[in-house]
Amino acid sequence: MAEAKPANAAAPETLLRVEDLRTWFHTFSGTVKAVDGVSFSVKRGEIMGLVGESGGGKSVVGFSILGLIDPPGKIESGAIEFNGENLKDAGDARLRDIRGRDIAMVFQDPMTSLNPLHTVGEQMDEMLRLHTDMDAGQRQARCVQVLEDVGISRAADRLKSYPHQFSGGMRQRVVIAIAMLAQPKLVIADEPTTALDVTIQAQILKLMRRQIRDNGASMILVTHDLAVVSEMADHITVLYCGKVVERGPTDDVIRRPSHPYTRGLIDSIPNPAHRMARLKQIPGAVPDIRKLPKGCNFQDRCPRVGTLCRESEPPLVATGARAHACHFPLKEGETE
Amino acid sequence: MSATFLSSEFFHNYKRNASAITGSIVLLVFTVIVVAGPLFVAQDPYDVGQLNLLDSYKPPVWLEGGDPRFLLGTDGQGRGVLAGILYGTRVSVMIGVTAMLMSCLIGTTAGLLAGFYGGRLDATIMRIADIQLSFPSMLIALFLMSAFGTGIDKVLIALTAVGWVVYARTVRGSTLSEVQKEYVQAARVAGLRDGKIIRRHVLPNVMTPLIVVATVQVGTFILIEASLSFLGVGVPITQPSLGLLIKNGFDVLFSGLWWTSVFPGLFIMALVFGINLFGDFLRDELNPRLK
């Protein structure tokens with residue numbers, strides 16, 4: 001499958017389209033609008049970075065796509081179209097079919113995302129038994145092959161090992177292998193390297209990118225780490241308080257962010273080239289999502305805040321491949 | 001496999017724990033009694049044809065008038081006390097273990113469902129459990145037995161009705177924390193059905209604390225059954241358990257015929273003592289918080 005390059009992506013086929021998704025949690029202390037009107041799309045072969053602080057609703061997006069939102073959570077409105085199919089209204093049986101086979105997920109913590117009581121081989125086999133009609137020999141061969149693909153040597157022996165016999169990095173490789181087993185069209189990676197050692201992070205990221213490319217799959221990379229996204233993703237969608245504040249091609253967004261929040265995220269990445277006395281940070285914390293202020297959600301932390309920001313919520317304005325939701329967007333070259 | 005067990009931390013601690021060794025020796029003796037008890041006595045105490053009223057109320061063999069055929073003496077029907085105990089232990093242990101298994105099955109299922117699905121189902125199951133826990137278990141068992149009448153099957157039902165709550169609460173708690181773990185999420189994301197996730201992924205991970213609960217509960221159940229039988233609402237007279245033997249002897253206890261009651265009592269004590277010693281050891285070993 002040809003790689004989709006965002007630069008010449010005039011109209012490549014869209015694999016996933018999320019339109020105005022609202023996933024709300026109705027708790028006793030109020031409604032948490034974890035995802036509130038989020039739209040984005042993922043093209044075939046593309047890696048889409050979903051960025052935001054913790055509590056920004058990033059993971060909820062992933063679970064919404066898979067239809068795994070439990071009460072008190074509920075997908076209130078919006079459309080989720082995957083491979084031309086409406087997932088939001090798909091039945092439970094159909095969704096179970098899609099999960100794991102068409103859409104796989106890689107979790108944050110490799111220490112807990114494998115069941116400690118089953119061998120790696122059993123856990124891989126379970127996936128294949130569920131989603132393919134291979135016989136035992138074929139399944140075994142496929143498991144060995146995928147484990148080797150993710151760089152685990154003596155794969156046939158390692159199938160008999162338990163998760164605790166692997167190191168953290170190796171476990172994440174296993175998790176990735178399990179995700180790739182049934183050759184999914186889309187992989188949702190939820191902070192896949194956050195729990196890993198920094199030296200391992202780069203290896204795992206490289207591995208994931210190669211796996212995605214080799215399988216012709218697409219990926220949604222959910223992370224708070226802009227550095228990771230800028231390495232990996234073709235497109236970025238920045239979320240703040242459950243809303244898209246900025247989106248566009250990765251290089252473009254990193255080089256010329258429009259939204260002060262994106263700017264803040266970029267500035268808070270340590271850069272060895274610019275030795276600063278103190279790393280820049282975004283002041284304050286994410287507001288209580290049950291008591292969002294009137295107007296822009298970012299107003300209390302924004303260096304560019306004006307009266308308009310406290311009056312009305314900025315709409316998401318698209319210009320070309322980019323979009324931003326800010327009354328006073330940064331112009332090119334502007335720092336703050 | 002045995003090599004790994006013998007070199008395991010579990011076995012290492014076991015060797016150094018005198019009460020664990022005592023407990024397991026007692027349990028071993030009782031296992032032999034349960035399995036092979038009738039082989040040790042010539043008389044079948046349930047076979048009326050083998051009973052002779054002339055043998056009634058013989059004292060233990062070391063007292064004056066003792067009969068070497070009846071090591072621990074006889075009761076009013078000429079039934080050997082030892083024979084009664086050996087057969088009665090079987091009944092007691094069988095009831096304790098079966099009721100434990102039944103409670104475990106029902107309680108674990110209820111706890112898994114409550115913890116996994118939460119919401120209204122959880123609230124319903126746990127409120128029933130709370131209500132049940134607000135009554136003494138003996139009271140509930142007594143009430144049920146007086147409603148049902150005597151019989152081993154009814155004792156089992158009464159004990160299960162009392163015992164499932166512990167499992168339900170323990171399992172629900174561990175399930176709640178297991179469900180948060182990513183491998184359960186991963187299983188859902190992989191497209192597994194709920195039933196399979198519960199059986200393959202949650203259940204094995206919540207089993208460990210149950211081993212302790214189950215062990216100690218066998219002891220508790222044996223005692224409750226003994227109490228019920230002593231009060232006359234337990235097992236039928238045709239299948240006397242240790243508790244019923246005590247009751248039968250109790251009528252003549254103060255006439256100096258103490259052996260008919262005291263020996264079954266000592267056996268119950270030893271049995272429950274052994275179970276509890278071993279259960280304490282298991283609790284210390286299997287509970288990571290006490291380590």
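Here are some notes on this predicted model, covering the fold of chain B, its helix packing and a few single residues in both chains.

1. Chain B as a whole. Start with the make-up of this chain: 12 helices and zero strands. Reading from the N terminus, the elements simply go α-α-α-α-α-α-α-α-α-α-α-α. Along the principal axes, the C-alpha atoms of chain B take up a box of roughly 75 × 50 × 30 Å. The chain has 291 residues, and 49% of them count as buried. As for how far apart in sequence the partners are, take the contacts in chain B with a separation of 6 or more: 69% of these link residues 24 or more positions apart.

2. Helix 10 against helix 12 in chain B. Helix 10 covers residues 208-230 and helix 12 covers residues 259-286, and their axes come within 9 Å of each other. The crossing angle is roughly 165 degrees, so the two helices of chain B are roughly antiparallel, an angle over 145 degrees being what that label asks for. The crossing is left-handed. On the helix 10 side, the residues in contact are T208(B), I211(B), V212(B), T215(B), V216(B), V218(B), G219(B), I222(B), L223(B) and A226(B). Helix 12 answers with I268(B), L271(B), V272(B), I275(B), N276(B), G279(B), L282(B), R283(B) and L286(B). Sorted by class, this contact has 13 nonpolar, five polar and one charged residues.

3. Helix 4 against helix 5 in chain B. Helix 4 spans 81-117, and helix 5 spans residues 119-133. Their axes approach within 7 Å and cross at roughly 140 degrees. Helix 4 of chain B passes helix 5 of chain B in a left-handed crossing. The helix 4 residues in this contact are A110(B), L113(B), A114(B) and Y117(B), and they meet G119(B), L121(B), D122(B), I125(B) and M126(B) of helix 5. The class split for this pair is seven nonpolar, one polar and one charged.

4. Helix 4 against helix 9 in chain B. Helix 4 also packs on helix 9 (residues 194-206), with the axes coming within 11 Å and crossing at roughly 110 degrees. That angle lies in the range 65 to 115 degrees, so helix 4 and helix 9 of chain B count as roughly perpendicular. This crossing is right-handed. From helix 4 come T108(B), L112(B), F116(B) and Y117(B), which meet D194(B), I197(B), I198(B), V202(B), L203(B) and V206(B) from helix 9. By class, there are eight nonpolar residues, one polar and one charged in the contact of helix 4 with helix 9 of chain B. Worth a look in the viewer: Y117(B) is listed in the contact with helix 5 and also in the one with helix 9.

5. G76(B), ahead of helix 4. This glycine sits in the loop between helix 3 (18-36) and helix 4 of chain B. Is G76(B) buried or partly exposed? Its relative accessibility is 22%, so G76(B) counts as partly exposed, since buried would need a value under 20%. G76(B) and S56(B) are 20 residues apart in sequence, yet their C-alpha atoms are 4.8 Å apart in space. Leaving out neighbours within four places in sequence, the contacts of G76(B) are L53(B), S56(B) and Y57(B).

6. E246(A), a glutamate in a strand. Over in chain A, E246(A) belongs to strand 10, residues 243-249. E246(A) counts as buried because its relative accessibility is 0%. What does its side chain reach? One partner is the backbone nitrogen of H259(A), at 2.9 Å. Another is the backbone nitrogen of S258(A), which lies 2.8 Å from a polar atom of the E246(A) side chain. Setting aside residues up to four places away in sequence, E246(A) touches a list of residues including I236(A), T237(A), V238(A), R256(A), T262(A), R322(A) and H324(A).

7. Two positive phi values in chain A. Most residues other than glycine have a negative phi, which makes the next two worth checking. Q183(A) has a positive phi of about 50 degrees and lies in the loop between helix 6 (168-180) and strand 7 (186-190) of chain A. E191(A) has a positive phi near 50 degrees, and its place is the loop between strand 7 and helix 7 (198-214) of chain A. With a relative accessible area of 9%, E191(A) is buried.

Conventions
Residues are numbered from 1 along each chain as its sequence is written. Chains are lettered from A and ligands numbered from 1 in the order in which they are written. This is a predicted model: local features need pLDDT of at least 70, side-chain atom pairs count only at pLDDT 80 or more; totals for chains, interfaces and linings use all residues. Side-chain values use heavy atoms; hydrogens and water are left out. Buried means under 20% relative accessible area, exposed over 50%, partly exposed in between (1.4 Å probe, protein chains only). A polar contact is a pair of N or O atoms within 3.5 Å; within protein, one must be able to donate a hydrogen and the other to accept it, and residues adjacent in sequence count only if both atoms are side-chain atoms. Contact means heavy atoms within 4.5 Å. Axes are lines fitted to C-alpha atoms, for helices over the stretch in contact, and angles run from 0 to 180 degrees between N-to-C directions. Angles under 35 degrees count as roughly parallel, over 145 as roughly antiparallel, 65 to 115 as roughly perpendicular and the rest as oblique. A crossing is left-handed if the near helix is turned anticlockwise from the far one by less than a right angle, and right-handed if clockwise. Ala, Val, Leu, Ile, Met, Phe, Trp, Tyr, Cys and Pro count as nonpolar, Asp, Glu, Lys and Arg as charged, and the others, Gly among them, as polar.
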